[in-house]
Amino acid sequence: MVVFPNCKINIGLYITGKRPDCYHNLATVFFPLPLKDVLEIIATDKPGGEVEFTSSGLPVSGKAEDNFCVKAYHLLRKDFPAIPFINMHLHKAIPMGAGLGGGSADAAFTLQLLNDKFNLGIDKPTLLDYALQLGSDCPFFIQNQPCFATGRGELLQPIDLDLSAYHFLLVNPGIHVSTAEAFSKISISNNGEDLLQQIAQPVETWQQNISNEFEIPVFELYPEIAAIKQQLYDAGAVYASMSGSGSSVYGIFTAETRPQLNFPAHYFFSWI
């Protein structure tokens, strides 16, 4: 059985408070985009209830046992020991550590795929609980529709946000941004309180009213990322922003605007 985990972008991102559990409260809009990985799970007759993990496409860093997909398998198998040994293959097309949620999407889709393939009967609220154990933005990929997110990113309010009249250019320069370092340089803000109202306004107004507060410390550390955002605006984007705390930048363009942009050979970029 094969599924296609998709990425997300953040439209606006504000840190609204520090939590007692050492996480931060935030306000953002998660928006899914159809840049997709490929995940396949095949049951085998091997005993022991383990998983054999392989990957292809973009490099997947770390040990197999630390991969989000493998962790999702073991998380479910604790409560559903009848899940058999499986072969799991992940083809990566979403850059890792890029603010696009690729690892979180892979984990959430693994939960759903195991649930469907082995008829576990897990309802959506319970799947959301499992997803949150894997990561703060994993629950979004169970919903997988535009959502206003608060808390750690797990409190999700679906919203009506139709951007089908636009297309997107995703650009990732391959820079690893330390999330911990970015958080250490960011200030608590109340700017996220109006995000729901601002997102309902025309996209052409977002440049003046909606921002990703991680851009301030990240652009200071990595001017190359700031230059990508400016290049997208210079090419006619109606809105451009860094996504999450990672290094990916996206531009939103009208249907009539599709500029030819030149990026260094090591950049990842994709029109959507």
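**Aromatic pairs.** I began with the ring pairs of this predicted model, and the search returned eight aromatic pairs. Among them I looked up Phe140 and Phe141, whose rings meet edge-to-face, with 5.0 Å from centre to centre and 70° between the planes. I note that the label follows from the angle, because planes over 60 degrees apart count as edge-to-face. I then asked whether these two residues are buried or exposed. Phe140 has a relative accessible area of 0% and is buried, and Phe141, at 1% relative accessibility, counts as buried too. Both values fall under the cut-off of 20% relative accessible area that the word buried requires. Following the rings further, I found that Phe140 and Phe141 belong with Phe30 to one aromatic cluster.

**A charge over a ring.** I next looked for a charged side chain over an aromatic face, and I recorded Lys117, which lies over the face of Phe118 at 6.0 Å from the ring centre.

**The four-stranded sheet.** Which order do the strands take in the open sheet? I read it as β10-β11-β9-β12, with antiparallel pairing. At the edges I found β10, residues 239-242, and β12, residues 268-271, each of which pairs on one side only. From one strand to the next, the twist averages 15°.

I then went through the contact between β9 and β12 in more detail: β9 covers residues 166-172, and its antiparallel pairing with β12 runs over four bridges. Within the sheet I also noted the residue that faces Asn172, which is Phe268 in β12.

**The helix across the sheet.** I looked up what lies against these strands and found helix α9, residues 223-234, which lies across β9, β10 and β11. Against β11, which spans residues 249-254, I noted that the helix runs at about 0°.

**Cysteines.** How many disulfides does a search of the whole structure find? I recorded zero. To see how far the sulfurs are from pairing, I took Cys7, for which the nearest cysteine sulfur is that of Cys138, 15 Å away. Since a disulfide requires two cysteine sulfur atoms within 2.5 Å, I could not count that pair as one. Cys7 itself counts as buried, at 0% relative accessibility. For Cys147, which is likewise in no disulfide, I found that the nearest cysteine sulfur is again that of Cys138, at 14 Å. Cys147 also has 0% relative accessibility and counts as buried.

Methods: Residues are numbered from 1 along each chain as its sequence is written. This is a predicted model: local features need pLDDT of at least 70, side-chain atom pairs count only at pLDDT 80 or more; totals for chains, interfaces and linings use all residues. Side-chain values use heavy atoms; hydrogens and water are left out. Rings of Phe, Tyr and Trp (its six-membered ring) pair if their centres lie within 6.5 Å; planes under 30 degrees apart count as stacked, over 60 as edge-to-face and the rest as tilted. Buried means under 20% relative accessible area, exposed over 50%, partly exposed in between (1.4 Å probe, protein chains only). A charge sits over a ring if NZ of Lys or CZ of Arg is within 6 Å of the ring centre and within 35 degrees of the ring normal. Two strands pair if DSSP finds at least two bridges between them. Helices (H or I, at least four residues) and strands (E, at least two) are DSSP runs, numbered from the N terminus. Axes are lines fitted to C-alpha atoms, for helices over the stretch in contact, and angles run from 0 to 180 degrees between N-to-C directions. Contact means heavy atoms within 4.5 Å.
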